[in-house]
Amino acid sequence: MEELQSIDRRRFIRATGIAGAAIALNLSALDAFANGRMQKLTILHTNDVHSRIEPFPMDGTKNQGLGGTARRAALISTIRSKEENVLLLDAGDIFQGTPYFNKYGGELELKLMSLMKYDAATMGNHDFDNGVEGFKKQLHHANFPILCANYDFTNTALANSTKTYQIFKKGGLKIGVFGLGIQLKGLVDPNNYGETQYLDPIQKANEVAAILRNEEHCDLVICLSHLGYSYKNNTVSDQVLAKSTRNIDLIIGGHTHTFMDVPEDVRNLDGAITTINQVGYAGINLGRIDYYFEPNKGKRIKVGSPYEINNRLEA
Amino acid sequence: MSIQKNLYFLSISILWIGGCTATGQIVKSNREEYHINSSLPVDSNIIKTYLPYKTALDAEMSKVIGYTEVDLTKNSDVPETVLGNFFADAVAHQAKKIVPNIDVVFPTTKGGIRNDIAKGSVTVSNIFELMPFENQLVLLELNGSDMYTVISYIAATNGQPVNGLKMKVVNKSPENVRINGQPFDKNRTYRILTSDYIANGGDEAKGFSKPISRKNIGLLVRDALMKEVMEIQANGNKINSKLDGRITVN
């Protein structure tokens, strides 16, 4: 974080003319808020819920009593009653972890997510646990799209069942969401992923994010990633992804079951902010990120991302 | 419900040149994390939806099939755990009733152990949560060199749940390797029992790709665990696994 700030300070000094613009923008942002022209978007997110329908049982283990879909649903409803523009997203590994999955194959997980009005999810490695066919079989229980940009399902039962990205329109804003999955070889039984082709996530992310930003003109670009937060070796992770791409504002991560104290802000290839967040696993936590947007003024040169970040909600 | 976090500000200005027809620009972002615990109300519609599933499942899953005198706790940071030993020994004991001649059992990776079992009664559900996957047990005959690759993988990952294998791990390499009390012999073949997931290279496991022979023994990993817990109970005993230094580091 310190590094981020110091580098920005240097840029700030070098571009003094722009610095003035940044201050002006901040002032006009306050003005916009006062005039009610500022748009607010609330992103809610989970990852690696792993079939945790009910809270962990009260059996003396570490997570006893935590999580549970009934509480999560009530919390989401409360937030929806206060916020106009809400997106609810999941970063994969919906399946596997309690007997609900073994007995019902994921039907209940997807039904409950539909009741909570999830807007989109991506696939984690455990979503392949009953094979591509097993996922396909349950898919009709989901009334939200499954987004996978770097799995090619052409020769599998999931052909045409997932989407590369989805664009959501909320309060005049356009939000582009796409999904990235982890390398399946070595992690998932080959019988379960079959002919699924894994494509380079960095390359795909840059390709899709550029479409969302430049062709679809999205105000916000979100990646649902099941790559994992960080690795000691150079395996592709959310940290690697953030640094190696442009046009992604937010990476909602999963796979590594990481309980992050606060979201991490990384400088991407454009020097802009790509935020990474992941909220543990099993539905123990629900993540929330609010974005405030000011309408564009149609200037040709504009100051990108001079935005203020706060690890608590607006009072 | 609202958790105060470290508050920090980040004001960043970056040049972003080029035309853009998006309608808005981010000027601020606030974040929060909600903990889902018993202080929150519940949505009765959700409970109503899952209740029929739960009732049917509970009838099957809440059945007590045994007792453990010790906490069975997963920990991927140490070479040997009581839970890992219980897991490997249980699978070995049950599998040997089907195929007696097995040298080493490596039934799961540390990461494949998915939940803890607390001291006390053990239910069907506990075993499902410990081992939720539908993995088959497979018996492979390996030449000495491939067997050593497997042993090296176990050492490189700082130990895995095993039965029949004893070794020291020094700088992530195996030393003083003994198989059923005998020093490791590269010139003979070994019969190793593992899961189909591991045998197919899951968790980057090495050494299984060119076996002399490979066959399913017709037993799921989870069913082996289930049978062992029930058998201990039927014999009037309780689970009481211990550490025995089968794999040590340094």
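1. Start with helix α2 of chain B, in what is a predicted model. At 1.5 Å a residue, the 14 residues of α2(B) should span 20 Å. The C-alpha atoms at its ends are 20 Å apart, so the expected span and the model agree.

2. How many of the 14 residues of α2(B) are buried? Eleven are, which leaves the helix mostly covered. The buried set includes Leu83(B), Phe86(B), Phe87(B) and Val91(B). Gly84(B), Asn85(B) and Gln94(B) are also among them.

3. What do these buried residues pack against? The partners are all in chain B: strands β4 (104-106), β6 (136-142), β10 (190-195) and β11 (213-220), plus helices α3 (124-130) and α6 (221-234).

4. The largest nonpolar core has 79 residues. Those with the most contacts inside it are Phe128(A), Leu286(A), Val91(B), Leu193(B) and Leu225(B). Helix α2 (residues 82-95) of chain B gives the most to this core, with seven residues. Another core, of 26 residues, lies apart from it. Tyr153(B), Met167(B), Ile179(B) and Tyr197(B) are among its members.

5. Phe128(A) deserves a look in the viewer. Leaving out residues up to four places away in sequence, Phe128(A) touches Met123(A), Tyr151(A), Phe153(A), Leu184(A), Val188(A), Asn192(A), Tyr193(A) and Thr196(A).

6. Next, the sheet. Six strands form an open sheet with mixed pairing, in the order β3(A)-β2(A)-β1(A)-β12(A)-β2(B)-β14(A). Why does one side of β3 (120-121) and of β14 (308-310) in chain A lack a neighbour in the sheet? Both stand at the edges and each has a single partner strand, so one side of each is left without a neighbour.

7. Check how the chains meet here. β14(A) runs parallel to β2 (residues 24-35) of chain B, and three bridges join them. Within β2(B), Asn30(B) is the bridge partner of Asn310(A).

8. Helix α3 (residues 69-82) of chain A lies across this region. It crosses β1 (39-46), β2 (86-90) and β12 (285-295) of chain A, together with β2 of chain B. The helix runs at about 15° to β12(A).

9. Last, His45(A), which lies in strand β1 of chain A. Is His45(A) buried or exposed? Its relative accessibility is 0%, so His45(A) counts as buried. The side chain of His45(A) makes a polar contact with that of Asn277(A), at 3.1 Å. Leaving out residues up to four places away in sequence, His45(A) also touches Leu89(A), Ile252(A), Val279(A), Leu286(A), Gly287(A), Arg288(A) and Ile289(A), among others.

Note on methods
Residues numbered from 1 in each chain as written. Chains lettered and ligands numbered in written order. Predicted model: local features only at pLDDT ≥ 70, side-chain atom pairs only at ≥ 80, totals over all residues. Heavy atoms only, no water. Pairing = 2+ DSSP bridges. Helix = DSSP H or I, 4+ residues; strand = E, 2+ residues; numbered from the N terminus. Contact = heavy atoms within 4.5 Å. Axes fitted to C-alpha atoms, helices over the stretch in contact; angles between N-to-C directions. Core = buried A, V, L, I, M, F, W, Y, C linked by side-chain atoms within 4.5 Å. Buried < 20%, exposed > 50% of the residue type's maximum accessible area, 1.4 Å probe, protein only. Polar contact = N/O pair within 3.5 Å; in protein donor to acceptor, adjacent residues only side chain to side chain. Expected span 1.5 Å × (residues − 1).
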